[in-house]
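Q: Got a minute to go through this one with me? I'd like to talk about its aromatic pairs.

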Amino acid sequence: MNLTELKPSIEWTRNRSSYIGGSDCAAILEESSHATPLQVWMSKQGLVPPITDNPIMDFGHYFEPQLAAHFEQETGFKTRRVNQPFTDPDFNFLKANIDRQVLAGKGLDSTAVLELKTTTSQRMKSLDGELPREWYIQVIWYLGICRYSKTFLQVYLRDTCEFLEPQIIDPNPELFEEMKHKLVHWWQTYMEGEGRRPEPVNGEDALLLYPDSNPEQVLEITPAGYAMYQELQQVRDRKSDLIKMEEHLKTKLKEKLGKAERLVCGGKNLVSWKSQSSTRLDSKAIRRDHPEFYKQYSKTTNTRRFLCH
């Protein structure tokens, strides 16, 4: 089976615009570090190009059967792919596309969800044993839509080539109902409503809405806008003071460390200051000595720079 066969079909991708799926939930609820409500809305409205697969996404598609096979070998359970989404009985625009079903039998009383993820050891370590919030929201959504009693989460660490032990995640009916209420409201407001869109929540959103500036256009600020400007100035002043304080405390702790690498308390690492080296391309030297080579491999990106005067 080649990679194209493992990827979602064009029709499946196109149909995603007609409903809310598990991977949309965290973004719409502003619980995602990768996407925002506005970005989901623009994607479903066809206002931005579809996400282009990258090597990490390709790896996830390619490795999914191997990850499922490992789960079967470790647990003794049987799994199967599901080619159609599950649909909420109350709202047909709420759906769940699960990776696999875990079939009942051999110690499993009822069918369960199998969710397959690939990530890195650094990401998992940074979460200190917790699941990424996006994953948990996605799994709770699947359990609520499918009405299953548990999810098995099987994770593979790409950088260390390590399979983690499968985790069992139980339903959270209270969270699911809260999510469902908010997502129904979002869909009816922005997808079924006329002329409304989610508000931008970060600079990336603002750039999507207004990618280009008009040098001939100048706006006189309103009283409400001026109050916002003053508040931003105050926040920046506090931020500057905090940055100075942070640098002062870091320097004092470095003095405590001296030549030591770590400060600990009862065996627990608090701070570290390790020697390291890095190698970077000297772009100025390349531009000076090999201008044609520099021009060949240079990439121009357009953005808008926000300055507060």
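What follows is a short chat about ring pairs, burial and a charge over a ring.

A: Sure. This is a predicted model, where local features need pLDDT of at least 70, side-chain atom pairs count only at pLDDT 80 or more, and totals for chains, interfaces and linings use all residues. Residues are numbered from 1 along each chain as its sequence is written, and side-chain values use heavy atoms, with hydrogens and water left out.

Q: How many aromatic pairs are there?
A: The count comes to 15. Rings of Phe, Tyr and Trp (its six-membered ring) pair if their centres lie within 6.5 Å; planes under 30 degrees apart are stacked, over 60 edge-to-face, the rest tilted.

Q: What about Phe63 and Phe163?
A: Their ring centres are 6.1 Å apart and the planes are at 25°, so they're stacked. Phe63 is in helix H5 (residues 55–75) and Phe163 in strand S7 (residues 162–163), so the pair ties together parts 100 residues apart in sequence. Helices (H or I, at least four residues) and strands (E, at least two) are DSSP runs, numbered from the N terminus.

Q: Is Phe63 buried or exposed?
A: Buried, at 13% relative accessibility. Phe163 is partly exposed at 31%. Buried means under 20% relative accessible area, exposed over 50%, partly exposed in between (1.4 Å probe, protein chains only).

Q: Which residues form a cluster?
A: Phe59, Phe63, Tyr156 and Phe163 form one aromatic cluster.

Q: New topic: what sits over the ring of Tyr19?
A: The charged end of Lys95, 5.8 Å from the ring centre. The rule wants NZ of Lys or CZ of Arg within 6 Å of the centre and within 35 degrees of the ring normal.
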